[in-house]
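User: Mind walking me through this one? I'd like to get the fold sorted before I look at individual side chains.

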Amino acid sequence: HITPGISSFQAAAAALYSQFTIPEKVQTIILTRGEGRTPMPEKEQLHKLAQSQSTMCIFLSAGVVEKVQEELSRHYAPTTPVAACYKWKDERIYRGQLKDLAKIVKENHLTLTTLLVVGDAIDNRKGLSRLYADEFKHLFRK
């Protein structure tokens, strides 16, 4: 579903049934892309942004996924949760760990329109807001 004004990172959070923040652990979401033909400013290189351990939503980077994985691996653990979210004619979401990110993208033939989400907040709802309490489960379609 396309809703004007809703970014794909917000749609990915909904499709993953995840909040991208965790109280007292992760409170920042970084929206960026991997460096490809267009150079990134020095201060915005992925390995520098990864130092914060924030949830990262990386656009337009399936074609440089090996480099993205390498840059992120400098600061995120190999077991950090990842999701490759693809939406073009159909929605497909592949979950895994950072150590397997490039493999996930390559084996599933994901293209430029894939959104890569990286961070401990993926699928981690312990201690999160009441939104995920049982009385609100009817709000989520399965």
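Analyst: One definition before we start: a helix here is a DSSP run of H or I with at least four residues, and helices are numbered from the N terminus. Also, keep in mind that this is a predicted model.

User: With that settled, which residue just after α1 takes a positive phi?

Analyst: Helix α1 covers residues 8-15. Most residues other than glycine have a negative phi. Just past the end of α1, phi is about 50° instead, and the residue with that value is Y17.

User: What pattern does the protein follow, read along the sequence?

Analyst: The parts list is 4 helices and 5 strands. Put in sequence order, they give the pattern α-β-α-β-α-β-β-α-β.

User: In what order do the 5 strands form the open sheet?

Analyst: The edges are β1 (29-33) and β4 (91-97), each pairing on one side only. The sheet is open, with mixed pairing. Neighbouring strands are turned by 20° against each other on average, ignoring direction. From one edge to the other, the order is β1-β2-β5-β3-β4.

User: Do β2 and β5 run parallel or antiparallel, and how many bridges join them?

Analyst: Strands of a sheet pair through backbone hydrogen bonds, either parallel or antiparallel. Here β2 spans residues 55-59 and β5 spans residues 115-118. One of the matches puts C57 against V117, while I58 stands opposite L116. The two strands are antiparallel, and the number of bridges is 3.

User: And what is the bridge partner of A84 in β5?

Analyst: β3, residues 81-87, pairs with β5 in the antiparallel sense over 4 bridges. A84 is matched there with a β5 residue that also faces I58 of β2. That partner is L116.

User: Which residues point one way from β5, and which the other way?

Analyst: In a regular strand the side chains alternate between the two faces of the sheet. β5 does just that, and the four residues are buried whichever way they point. One way you get L115 and V117, and the other way L116 and V118.

User: T114 is in the loop between α4 and β5. Is T114 buried or exposed?

Analyst: The loop holding T114 runs between α4 (101-107) and β5. T114 touches I58, L60, A62, A84, C85 and Y86, leaving aside residues up to four places away in sequence. A polar atom of its side chain also lies 2.8 Å from the backbone oxygen of T111. Buried means under 20% relative accessible area, and T114 has 2%, so T114 is buried.

User: Back to α1: seen down its axis, within what arc do the buried residues fall?

Analyst: The residues in question are F9, A12 and A13. An α-helix has 3.6 residues a turn, so residues three or four places apart point the same way. The buried residues of α1 pack against β1, β2, β3 and β5. They line one face of the helix because they fall within an arc of 100°.

User: What are the buried residues of α3?

Analyst: Helix α3 covers residues 65-72. Its buried residues are covered by elements including α2 (46-49), β2, α4 and β5. By name, they are V65, V68, Q69, E71 and L72.

User: So do those residues line up too? Seen down the axis of α3, within what arc do they fall?

Analyst: The set to place around the axis is V65, V68, Q69, E71 and L72. They line one face of α3, as they fall within an arc of 165°.

User: Which residue's backbone nitrogen lies 3.0 Å from a polar atom of the side chain of S18?

Analyst: S18 is in the loop between α1 and β1. With 4% relative accessibility, S18 counts as buried. The nitrogen 3.0 Å from its side-chain polar atom belongs to D123.

User: Two loop residues left. Is Q53 buried, partly exposed or exposed?

Analyst: Q53 is in the loop between α2 and β2. Its phi is near 60°, positive although the residue is not glycine. At 31% relative accessibility, Q53 counts as partly exposed.

User: And what is the relative accessible area of H109?

Analyst: H109 is in the loop between α4 and β5. It isn't a glycine either, yet its phi is about 55°. Exposed means over 50%, so H109 counts as exposed with its relative accessible area of 65%.

Notes: Residues numbered from 1 in each chain as written. Predicted model: local features only at pLDDT ≥ 70, side-chain atom pairs only at ≥ 80, totals over all residues. Heavy atoms only, no water. Pairing = 2+ DSSP bridges. Axes fitted to C-alpha atoms, helices over the stretch in contact; angles between N-to-C directions. Buried < 20%, exposed > 50% of the residue type's maximum accessible area, 1.4 Å probe, protein only. Polar contact = N/O pair within 3.5 Å; in protein donor to acceptor, adjacent residues only side chain to side chain. Contact = heavy atoms within 4.5 Å. Arc of directions from axis to C-beta.
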